[in-house]
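Thanks for coming, everyone. I'd like to walk you through one structure today, chain by chain and contact by contact.

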Amino acid sequence: MNIFLDDAPALVVVLPLLIAAIIAFIPSSRLAWFITIVTLVFHLSLSVELFQNFSSFGTIIYEFGNWPPPWGISFKLDGVNIGLQLLFSAFVLVTTIYSRKIFLSEIDPEDSGKAYSLWLLAIGSLNGIILTNDIFNLFVFLEISALSSISLISLGAGTNRKALLAAFNYLVIGAIGATFYVIGVGFAYAMTGTLNMNDLIIQLSQYSEGQLAIFAGMSFMLIGLMVKSAVFPLHLWLPPAYSYAPSAVSTLFAALATKAILIFFVRILYEVFSIYNGYLEIFLDYILLPLSLIAIFVGTIIAIYQNDIKKLLAYSSIAQIGYITLAFSINDNSGVLAGFVHIFNHALIKGGLFMAVGYLAISLNDRVTLESIEGYGQKYPITSYALLVCGLSLIGLPLTNGFISKLYIFQALYSNEMFLTIGLVALSSALAVIYFWKIVEKLFFSSKGYEATSEDPAIYIPIWIIALSIIYFGIFSSSIVEFSSIASESLILGGSN
Amino acid sequence: MTNESLLILGLLTPLFAAFGSYCFKNNINVRDSFGVIGGVITFLISLKIFNGLQAEEQYVINLFTLFNGVDFLFNITPLGSIFSLVASSLWILASIYTVGYMRGAGEKNQTRFVIFYSIAIHAALAIAWSGNLLMLFIFYEILTFSTFPLVGHKQDAESQAAGRVYLSILVGTSLVLFLPAIFWVWLETGSLNFTPGGILEGKFPTEYLIFLVAMLVFGIGKAAIMPIHRWLPAAMVAPTPVSALLHAVAVVKAGVFSFLMVVVYIIGPDYLLQSKASNWLVWLSSFTILTASIIAISKDDLKARLAYSTISQLSYIILGAALATTFALKGASFHIITHALGKITLFFCAGAIYVTAHVKKISELGGLGFKTPMIFFAYTLGALSIIGVPPLIGSWSKLFLVIGSLEADFLFVAILLGISSLLNIYYLLQPVFIAFNKKNIKNINITKAPLTIWPPVITGVGCLFLFFFSNYFLNIINGVVA
Amino acid sequence: MTDFLYFWNHFAFVILMVSGLFIIITSQNYIKKIVGLAIFQTSVFVFFVSLAKIIDGTAPILNSVNNVYSNPLPHVLILTAIVVGVATSALGLAIVLQIYKNYGSVEENEIKKEELKENS
């Protein structure tokens, strides 16, 4: 067992990739799903092991092939990503359990086994994004996750052929973003000769004044990452992609994909480029902050006018990503803390919402629109109440984890005296109540008298696990807050080891 | 029994009653008795707490920390004990009344009704005993959600529309105004605990206090100040036990109680007086008092008239809070008791009239007084108490409010209260005159429903009887403004 | 002028990059967009590889004669990137094929017309 665990950081990434290759050849979709579940259970236990390792010994650095840095590629598990690693493993397992029936209804049964192969590819690569310590390695994982997610999104063409256009759009825009990122890597490499993040910090210190090439490189890298994590105005690929994809796919990506990239984005911003304080301040105050505010309002307002519920949730995601980047643009401990808290909480909220909507859509042949779910509160009560809980968390009702996020965001804004921003954020929360109310009204207050159908426990149990965890983390928020404060401390106190 | 276990028992009893009603849903007598038994237990507990507070006892439970500076805290204040006493004592009578009304009117889904009724009482008690503003908010929302099925009980189109108005106004105002106001207080002071004298002084920028007050008074939609009052008449489509207990006692009182708690224990009366941040509210609540009374005059439906009367009377309490002088606050606190007693009598009577004579409109009350004299006897007592005629208990709270308004140099308010009493006389006593008018006697079949008649008689006589024991209440009310 | 000659690789990189982007943005035909994407990605390859050349450097294989070698690392990185580019193009073409099967066209304006018809 010891051999396994020493390589645990690598295994969490490599194992899903390997099994993906094997599953591609298995004809039976049931067997494929089962193997996926087993793999992910093992994945979760590895993550827990890593967490225990981290709590006892601190930062873990894993060197591939035992090549010492800066020559070799390394994975790093420190305060910043350990929390997300745990959440990732747990959430992915829950989503996979949920996904079986959903896939069967939305994808051709013959292909659903192969869908799990793509699913594991996506999981392995997303985990790689979370763990990697090498800037070019990030590009590789970024592209693997993009390709697998594009394929998964295009599987939605069985239901609606617009999924193909959405997938193509994402392909082009995502590839441009990734390539921008690589250009940035090129500049960084040209100036410092290293690709390892820890070494990059050391090498950059010789250019304490900063050079144009370095700033250009940084800009390319940051913009590229902003494209991939759908920060306004580079978000246009997200709404179609998430709304036409199969529901389980939307769940996975809405909850986790952009978050993993945002963690890396924050790392680069605060660890690597914090040396250039002037540049950092300009970027944060004049670019990230205004764009976040615009994202929040644009996302919320467009969501209010949406009839298609998945598109509504996608635009709401853009607004929520705006909250996260807003928190990160506050250049101190409390802001970064609030950002991490909302990363965790939003993953749960959006995941729960997409899962619930996915189940409601199962009986519908066409798009899930506001009209089509009328009265579903009575037809699918268990799922609808789970949706209610997740929605209440989205608008920030106390006793849900959304309230905790809002709390910390407000506190961060307040302690930095950004009062206008507080007012704007409060206003946007009030606007979010509008689109939430529209959904609730259609679900629970319609006059169609439906009989309650018996719902499939295989589906509603994962949804309720997420809903209950939303309430749990709303009341006992200390674990999430602790993870986030470990994360923010290791970032702000100047890059870990 | 320790103080903490008393508190916990008091909070859990209504939940046990709800659970009991659910378990015994097939035996209707057992099911309905849970409300009465629960009421008796909570009343005894509230009484013990009421007395205990006078003897300087503390009732505090701190379960855990929710987040920085805010705990899951229960802490009974004098004002809180008043509210819980009122709610629990009237619950007993309302449970008896509910049996008479629901069976007499042949309502369906009685089990669901009784269960949510008990849960709503639990929420009201938790609001009364909450230790900080966030706890109050959480149970305030629970109260809204648990009373919603009661408002929409009949499930016809009218009830559903009413339910929608009810929910959207109350939830909307609380999320958009009340919750941000709570955030604001927490951000400025780092705490939300109810403390005698308030927590804002010195920490909250005085120039913004007026905005905080506005956010709070419009955010606490249950206090029904205009223009946030629309939900109250809409909710009258509910069966009368709901209107009686919840919309004359528990829900609306929770609203004005919350506002009073904020004024007394968060802002602090002295700070509020100094900053003059509530002067505009004196005008607005006066406007509400007058306008609601005028609208009440125009209503022919008895419950609608009583609804607007309630809106008017609630603004008395808000007025007292806005004036923030000693007597005004005493009047406001006392008015919680007196108005609850008086109004529940009136609503009980309205329901009794519906069950016995199947009459809803005032114009059709002709001659009924001779057929059901007890109902109108109770009604008259309740009406006189609300009008403020001694020797009924309502006269005390009105007196204090008048003195309070003079204390604060608002002479016109004192005059207004007088005018309002005159209007009250007209619109509250008009039904009695019609009922005892020999000229318009109609032939109506009277259904017997004694359980709907005794509760209002008890509360009506209570208005008279308790006048002579006002000292008992005044002691603790003095404790509120000490 | 000498600067231009000295930094010609950077200019080539920029011209190719911008051309690729231009093709992506302005083409109506999806296959042309993929071609544009490929050109865009190739420009980056040019950039990286050109960085690798060291003046007077020889092929990076240890021998006893020279002691200045060109940098092999960027070449390795570009190998990876080329593979990624190929995969992206392949996937893109596969999707375009499916689009053609579903919509009967690979021109953006024709597909938009189809969409408008479908919506109304």
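**How the chains meet**

Let me start with a pair that does not meet: no contact joins chain B and chain C, and their closest C-alpha atoms lie 32 Å apart. Please keep in mind throughout that this is a predicted model.

So much for the pair without contact; which pair of chains has the most contacts? Two pairs of chains touch, and the most contacts are between chains A and C. Chain A brings 22 residues to that contact, and chain C brings 24 residues. On the chain A side, α6 (135-154) and α7 (162-192) each supply at least two residues. The largest share of that side comes from α7(A), with 13 residues. If you sort the side of chain A that touches chain C by class, you get 16 nonpolar, four polar and two charged residues.

Now to the contact between chains A and B. Here 14 residues come from chain B and 16 residues from chain A. Looking at the chain B side, three elements each supply at least two residues: β1 (60-67), α5 (133-151) and α6 (157-189). Of these, α6(B) gives the most, with nine residues. By class, the side of chain B that touches chain A divides into ten nonpolar residues, three polar and one charged.

Let's stay with chain B and look at it as a whole. What is it built from, in helices and strands? Chain B has 19 helices and two strands. Along the principal axes, its C-alpha atoms fill a box of roughly 70 × 55 × 45 Å. A compact globule of 482 residues would have a radius of gyration near 23 Å, and chain B has 21 Å, which agrees. Of those 482 residues, 62% count as buried. The contacts in chain B also reach far along the sequence: among those between residues at least 6 apart, 82% join residues at least 24 apart.

Finally, the interior. Which residues have the most contacts inside the largest nonpolar core? They are I153(A) and I318(B), and that core has 414 residues. I153(A) falls within the range of α6 (135-154) of chain A, one of the helices that supply the side touching chain C. As for I318(B), leaving aside residues up to four places away in sequence, this isoleucine touches V217(B), A223(B), I225(B), V256(B), F259(B), L281(B) and S285(B).

That's my tour; I'm happy to go back to any of the views.

Methods
Residues numbered from 1 in each chain as written. Chains lettered and ligands numbered in written order. Predicted model: local features only at pLDDT ≥ 70, side-chain atom pairs only at ≥ 80, totals over all residues. Contact = placed C-beta atoms within 7 Å. Helix = DSSP H or I, 4+ residues; strand = E, 2+ residues; numbered from the N terminus. Nonpolar A, V, L, I, M, F, W, Y, C, P; charged D, E, K, R; others polar. Rg over C-alpha atoms; globule rule 2.2 N^0.38 Å. Buried ≥ 20, exposed ≤ 12 C-beta atoms within 10 Å, placed from the backbone. Core = buried A, V, L, I, M, F, W, Y, C linked by C-beta atoms within 7 Å.
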